[in-house]
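Q: I'm new to this one, and I'd like a close look at a single part. Could you walk me through the sheet and how its strands sit together?

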Amino acid sequence: MPVLTNSSTRKKFLHAYLSKLESSGIRAVVLHSYEDLPGPDDHDIDIATDSGNLERALELQVDVAAEHGWQLVQSLRHEITASYRVLASIDNPLQSLKLDL
């Protein structure tokens, strides 16, 4: 089995999360730089969704994280309808994603 690089592991998790949103009927869009996802480690990923689906989208983040060996390590509710979160691989915490919904 090939060893996944930091970028490919991050990409796999991000793809799983976006797929879970879609399969759950939650419309979401990556706002910019989608050609290079997941992008550099030090950048966040801006995702827009209907504010009525925000809570469910945040719950799904935790569910997908658990399914893929990741965990929520930081959460900041910076607006009523927006949340910034950092998720990291349990096996290698240096593999992380910063998601801004």
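A: Here's a walk through the sheet, with a bit of the surrounding chain for context. Keep in mind that this is a predicted model.

Let's get our bearings along the chain. The protein chain has two helices and five strands, and starting at the N terminus they come in the order α-β-β-α-β-β-β.

Now for the sheet itself. The five strands make an open sheet, lined up as E1-E2-E5-E4-E3, and the pairing is mixed. At the edges you'll find strand E1 (28–30) and strand E3 (70–79); each has a single partner strand, so one side of each has no neighbour in the sheet. The strands aren't lined up perfectly, either: on average, neighbouring ones are turned by 25° against each other, direction ignored.

As a bit of background, strands in a sheet pair through backbone hydrogen bonds, and they can do this parallel or antiparallel. Zoom in on E3 and its partner, strand E4 (residues 82–89): these two run antiparallel, and seven bridges join them. If you want one spot to click on, try Gln71, which stands opposite Ala88 in E4.

Stepping back to the whole chain, buried residues account for 36% of its 101 residues. Take the contacts between residues at least 6 apart in sequence: 49% of them join residues at least 24 apart. As for the outside, the protein chain exposes about 6,200 Å², with carbon and sulfur atoms supplying 53% of that.

How values were computed
Residues numbered from 1 in each chain as written. Predicted model: local features only at pLDDT ≥ 70, side-chain atom pairs only at ≥ 80, totals over all residues. Heavy atoms only, no water. Helix = DSSP H or I, 4+ residues; strand = E, 2+ residues; numbered from the N terminus. Buried < 20%, exposed > 50% of the residue type's maximum accessible area, 1.4 Å probe, protein only. Contact = heavy atoms within 4.5 Å. Areas by Shrake-Rupley, 256 points an atom, 1.4 Å probe, with all protein chains shown as cover. Pairing = 2+ DSSP bridges. Axes fitted to C-alpha atoms, helices over the stretch in contact; angles between N-to-C directions.
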